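Trainee: I have the model open and I'd like to learn how to read it feature by feature. Can we go through it together?

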Amino acid sequence: MQRTVLLGLASLVLLSGGILGGIWLSQAKIARQTPDEYRLVEEAVQAAETAYVDSVSRDRLSEYAIEGFLGSLDPHSVYIDADRMQAVREQFNASFEGIGVTYELIDGPAERDTIGVLSVLPEGPSEEAGVWAGDRIVAIDGASAVGLNHEEIQDRLKGPEGSTVKVTLRRPGRGEPVQVLITRDDVPIATLDAAYMLDGMTGYIKINRFAQTTYREFSNALRILDDRGMNRLVLDLRGNAGGYMQMAERVADEFLKEGQVIVSARSRHQEYTQTARASGGGAFEDRPLTVLVDEHSASASEIVAGALQDHDRALIIGRRTFGKGLVQREFQLSDGSGLRVTIARFYTPTGRLIQTDYADGRRDYYAQKARRLDRDTVRTRQALVASTPDSLQYRTDAGRIVLGGGGIVPDHIVPPDTALHPFIGDVMRLGVLRDFARAWVDERSIELRDEWKGDPDGFASSYRVPGTAFPALVQFARSRGIQASVASAGDADGDGVNPAVERYAESLLKSYAGRRLFGTEMWVRVRNQLDPVVEEARRSWGDAELLAARYPVR
């Protein structure tokens with residue numbers, strides 16, 4: 001069974017390999033008159049339905065026909081069936097009606113999986129009813145919840161605002177089951193994973209996607225961090241696959257001077273050809289700024305990163321972004337399904353096309369991107385500049401060279417952690433760390449809650465994983481067939497322990513405990529303490545401060 005974590009019990013469906021485009025908020029109407037040329041499609045479908053050796057569904061034939069012609073256009077024009085369409089709307093509306101938890105399926109015998117609560121929305125329906133992170137949901141309205149799939153779980157737990165659901169919980173450290181009655185409510189889906197102070201002067205904000213609520217969440221976070229003494233900011237867009245372009249424009253606007261171009265959309269249709277410019281009075285126009293990106297940063301994320309790089313407003317750190325620079329418009333079909341059709345292409349202020357070339361078809365497009373990522377990870381930025389043709393080299397406001405050809409190439413490139421110790425790589429890749437951490441935190445759940453609940457800053461700075469944890473993890477890994485050594489390089493006997501491996505493993509265990517106590521933000525905070533991209537941002541404030549000092553370039 002797929003081990004998928006669903007946020008807030010909303011099915012977060014991402015299209016085109018997890019990449020969503022700059023999506024126009026309005027929906028378009030579809031012309032009803034059918035041209036004669038399209039009647040060939042109707043005739044072909046009818047012939048297949050009538051003559052094919054087996055019976056075929058008209059619905060499926062229609063879907064295959066739609067998917068077929070869209071596949072000849074570009075990688076991001078897609079068909080969305082009616083069920084997925086509802087889930088996608090929930091994601092980008094950033095709310096739905098439910099109980100307000102995130103969960104995972106925990107392996108059980110004979111695929112009888114148990115629902116494990118990962119986090120509980122603060123002040124949401126489940127928290128008010130007494131649900132804790134770490135609880136196992138074993139029954140819903142008196143019927144067993146063990147062995148359900150994701151669709152069945154959501155059918156039972158989601159429902160109209162004001163309706164109730166009775167949930168039976170098994171709580172680690174407690175012998176008897178706990179029953180709670182939860183009143184469903186409108187549940188927001190946060191688009192900010194974290195907003196906190198990295199140190200006494202440095203704010204950090206991580207945006208996971210651009211939905212209708214993103215600008216409001218971002219503005220609130222800026223105000224809070226300002227009150228805490230922020231005078232420089234790390235904006236983390238890693239893993240952000242995009243969303244509504246209007247939200248990306250508004251976030252970028254907070255950093256740019258009035259009149260500066262944010263992004264241009266170009267199309268054969270005049271109504272879709274337009275340029276977005278910054279307004280005056282941004283909340284963070286003059287202070288040092290770094291932006292973190294990676295190969296999963298796409299579309300709306302690339303709009304923000306590209307605009308800030310072209311105007312020499314921010315230092316971009318990380319890895320080349322995905323290269324998804326197409327604008328989609330949504331067309332709703334009569335059965336509730338929909339099409340996302342590309343209507344324009346994005347260009348950064350210097351004229352760089354964000355989109356990676358897809359002339360050779362979808363399959364080659366994704367294969368090419370994978371090859372480019374492998375190549376880019378072992379090359380310095382200087383080597384990339386030297387190997388990029390002049391036609392794909394552009395100049396920022398200050399005359400710095402920035403690269404086209406698809407995606408945004410960072411100013412400081414940080415390759416993936418290829419030096420990750422084999423033991424750590426194995427326990428993470430095979431899910432062994434996750435399984436050990438869940439049981440390890442279960443044993444200490446009540447103790448941790450009693451000591452640290454209500455003190456996130458204290459937990460982040462002071463909590464230390466006991467020294468017994470790492471040996472127990474190694475023993476657990478051995479029982480699961482992982483034989484990679486934990487010794488330092490050059491240890492002839494192989495019986496020592498590499499302190500860096502132990503420290504890294506303990507940090508990962510702390511992140512699991514932190515998420516159980518405080519949610520996603522603590523997970524991010526703890527992992528950032530050993531994150532090489534965040535560390536590069538810490539080392540690079542001199543460059544970011546130089547950019548801020550001469551901005552705007554006249």
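Mentor: Sure. Let's begin with a strand pair: β4 (residues 101-106) and β5 (residues 114-120) run antiparallel and pair over 6 bridges. Keep in mind that this is a predicted model.

Trainee: Which residue of β5 stands opposite Glu-104?

Mentor: That's Gly-116.

Trainee: And how do I read the two sides of a strand?

Mentor: The general idea is that side chains in a regular strand alternate between the two faces of the sheet. In β4, Val-101, Tyr-103 and Leu-105 sit on one side, with Thr-102, Glu-104 and Ile-106 on the other.

Trainee: Are those faces of β4 covered or open?

Mentor: Both are covered, with the residues on either side all buried. Put as a count, 6 of the 6 residues in β4 are buried.

Trainee: Now salt bridges. What's the idea there?

Mentor: Side chains of opposite charge can pair when their charged atoms come close. Here the count is 27 salt bridges. Take Asp-312 and Arg-400, whose side chains meet with an N to O distance of 2.6 Å.

Trainee: Why does the pair of Asp-312 and Arg-400 tie together parts that are apart in sequence?

Mentor: Look at where the partners lie. Asp-312 is in the loop between α8 (300-310) and β17 (315-318), and Arg-400 is in the loop between β20 (393-395) and β21 (401-403), so the bridge joins parts 88 residues apart in sequence. Asp-312 has 0% relative accessibility, so it counts as buried.

Trainee: What about a bridge between helices?

Mentor: Try Arg-516 and Asp-442, a salt bridge at 3.1 Å, N to O. Arg-516 belongs to helix α15 (residues 499-518) and Asp-442 to helix α12 (residues 432-452), so this pair links distant parts of the chain, 74 residues apart. Both Arg-516 and Asp-442 are buried.

Trainee: And one within a single helix?

Mentor: Glu-535 and Arg-539 do that: both lie in helix α17 (residues 532-539), 4 residues apart, about one turn of the helix. Their closest N and O atoms are 3.9 Å apart, and the cut-off is 4 Å. Glu-535 is partly exposed at 34% relative accessibility, while Arg-539, at 55%, counts as exposed.

Trainee: Which residues do salt bridges with shared partners join into one network?

Mentor: Glu-104, Arg-434, Asp-435, Arg-438 and Arg-480.

Trainee: Glu-104 again! Where else does it turn up?

Mentor: In the lining of a cavity. The whole structure has 2 cavities of 30 Å³ or more, and the largest has a volume of about 130 Å³. Its lining has 14 residues, with Glu-104, Leu-118, Arg-438, Arg-515 and Arg-516 nearest the centre.

Trainee: Which elements each supply at least two residues of that lining?

Mentor: β4, β5, α12 and α15. By type, the lining residues of the largest cavity divide into 7 charged, 5 nonpolar and 2 polar.

Trainee: Last one: how do I read a polar side chain in a loop?

Mentor: See what the side chain reaches. Asp-74 sits in the loop between α2 (58-70) and β2 (78-80), and its 6% relative accessibility means that Asp-74 counts as buried. The Asp-74 side chain reaches the backbone nitrogen of His-76 at 2.7 Å and makes a polar contact with the side chain of Thr-342 at 3.0 Å.

Trainee: How many residues separate Asp-74 from Val-341 in sequence?

Mentor: 267, yet their C-alpha atoms are 9.1 Å apart in space.

How values were computed: Residues numbered from 1 in each chain as written. Predicted model: local features only at pLDDT ≥ 70, side-chain atom pairs only at ≥ 80, totals over all residues. Heavy atoms only, no water. Buried < 20%, exposed > 50% of the residue type's maximum accessible area, 1.4 Å probe, protein only. Pairing = 2+ DSSP bridges. Polar contact = N/O pair within 3.5 Å; in protein donor to acceptor, adjacent residues only side chain to side chain. 1 Å grid on protein atoms, 1.4 Å probe; cavity = no way out; pocket = protein on both sides within 12 Å on 5 of 7 lines; lining within 4 Å. Points joined across faces, edges and corners; volume = space filled by probe spheres on them. Nonpolar A, V, L, I, M, F, W, Y, C, P; charged D, E, K, R; others polar.
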